[in-house]
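Me: Could you take me through one spot in this protein in close detail, and then show me what else is going on around the fold? I'm in my first year, so please keep it relaxed.

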Amino acid sequence: KTMKVDLKSMYWIRQPKQFSVSDEKVTIITEPFTDLWQRTYYHFRNDNAPVLQTKTDEKYFSFVVKTTFDTKVRYDQSGIIMYLDSENWIKASVEYENDKIQRLGCVVTNNGYSDWSSVDIDASIKSMWFRLSRRDDDFCVENSVDGINFNQMRICHLFNVKDEVPFGIYACSAEDSSFEAAFTDMEITECKWLVHDGQAPDED
C-alpha cells in the first residue's frame, strides 16, 4: 500500500514568510539564521527552522520525499524530519559546506542533546531522496540518489515517542543566507525497514 501525502493537510511549525504548497510540490524560501540544534559541541541551542508535518499513529511505516535545493552558503540544508518538540527530533539532509563538498547527514536529538553523523558528498549534487521508517519507537533513515535504491544512514531510538508521531520536511539557513528548497514525491508506504533476520531478540 502506497499513499500520496495530502500536502495541503500538513501543518506548519514556524511557518516561513515565503513558501508555496500545491498538490504536487512544497517550496520553501529559507530565512537567514534559521537552524535546528541542541547543545552538543557548539554549546548553543537553535530551534527556529520551519517544519511542515503530518501525523500518523501507525507503528510501522515508511515516509519518502525528494528534496531539490539551490544551496550556496555553509549550513544551508533541506530534508526529512520527525519533530516531536524542541528537544526531541530526527532530521536528515544534505548540508552545504563549501564549493567542493556537502555533508549528507542525520541528526538525532534526544532529551535536548543533538548528535550528527555525516559523510562528505560532492558539492554538485542538488537533489536527494530520503526515507524515514518506523518500527515502534525505533527509526531508520535512508537516502537515495534515484528514488529506487536506498542506502542506510542511521538506525536510532527516540525516547519520547507517543503512539502518534509527526513527520515531514524542513529547510533552513543557519548563516546569513537564503535559498529555495523544493519537496516532491511525498509518499507513505508499508514499512520498508524489514524485521531483523538474525539474532533473536532478548526476552524482556
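Reply: Let's start with Ser 114 and its contacts. Leaving out anything within four places in sequence, Ser 114 is in contact with Trp 37, Gln 38, Thr 40, Trp 89, Val 107, Val 108 and Thr 109. Keep in mind that you're looking at a predicted model. Ser 114 belongs to strand S12, which covers residues 113-122. Is Ser 114 buried or exposed? The relative accessible area is 2%, and the cut-off for buried is under 20%, so Ser 114 counts as buried. One of those contacts deserves a second look: the side chain of Ser 114 reaches the backbone nitrogen of Gln 38, at 2.9 Å.

Now zoom out to the sheet that S12 is part of. Seven strands make up an open sheet, in the order S2-S7-S16-S9-S10-S11-S12, and the pairing is antiparallel. S12 stands at one edge and S2 (11-13) at the other; each has a single partner strand, so one side of each has no neighbour in the sheet. From one strand to the next, the twist averages 25°. Inside that order, look for S9 and S16: five bridges pair them in the antiparallel sense. To find that pairing on screen, pick Gln 77, whose bridge partner in S16 is Cys 172.

While you're at S16, have a look at its aromatic side. Which residues form one aromatic cluster with Phe 167? They are Phe 61 and Phe 63. The model has three aromatic pairs when you count ring centres that lie within 6.5 Å. Take Phe 63 and Phe 167: their ring centres are 5.0 Å apart and their planes meet at 55°, so this pair is called tilted. Phe 63 comes from strand S8 (residues 60-69) and Phe 167 from S16 (residues 165-172), so the pair ties together parts that are 104 residues apart in sequence. Neither ring is out in the open: Phe 63 is buried at 0% relative accessibility, and Phe 167 is buried at 0% as well.

Rings can also have a charge sitting over them. Back at the start of S12, the charged end of Arg 39 sits over the ring of Tyr 113, 5.3 Å from the ring centre. There's another case with Arg 131, which lies over the face of Phe 150 at 4.1 Å from the ring centre.

Next, the loops. Phe 33 is in the loop between strand S4 (25-29) and strand S5 (36-38). Its phi is near 60°, a positive value in a residue that isn't glycine. How does Phe 33 sit, buried or exposed? With a relative accessible area of 53%, it is exposed. Tyr 75 has a positive phi too, near 75°, and you'll find Tyr 75 in the loop between S8 and strand S9 (77-85).

S4 also has a partner on its other flank of the sequence. Strand S3 (residues 18-21) and S4 run antiparallel and are joined by four bridges. The two make a hairpin with three residues between them. Within it, Val 21 stands opposite Val 26 of S4.

Pro 50 is another loop residue to click on, found between strand S6 (45-47) and strand S7 (51-56). Pro 50 is buried, with a relative accessible area of 7%. Not counting residues up to four places away in sequence, Pro 50 touches Trp 12, Ile 13, Arg 14, Pro 16, Ile 28, Ile 169, Tyr 170 and Ala 171. Take Ile 28 from that list: it is 22 residues from Pro 50 in sequence, while the C-alpha atoms are 8.6 Å apart in space.

Last stop: Thr 184, in strand S17 (residues 180-189). A polar contact of 2.7 Å joins its side chain to that of Asp 185. With residues up to four places away in sequence left out, Thr 184 touches Glu 24, Lys 25, Val 65 and Lys 66.

Notes. Residues are numbered from 1 along each chain as its sequence is written. This is a predicted model: local features need pLDDT of at least 70, side-chain atom pairs count only at pLDDT 80 or more; totals for chains, interfaces and linings use all residues. Side-chain values use heavy atoms; hydrogens and water are left out. Buried means under 20% relative accessible area, exposed over 50%, partly exposed in between (1.4 Å probe, protein chains only). A polar contact is a pair of N or O atoms within 3.5 Å; within protein, one must be able to donate a hydrogen and the other to accept it, and residues adjacent in sequence count only if both atoms are side-chain atoms. Contact means heavy atoms within 4.5 Å. Rings of Phe, Tyr and Trp (its six-membered ring) pair if their centres lie within 6.5 Å; planes under 30 degrees apart count as stacked, over 60 as edge-to-face and the rest as tilted. A charge sits over a ring if NZ of Lys or CZ of Arg is within 6 Å of the ring centre and within 35 degrees of the ring normal. Two strands pair if DSSP finds at least two bridges between them. Axes are lines fitted to C-alpha atoms, for helices over the stretch in contact, and angles run from 0 to 180 degrees between N-to-C directions.
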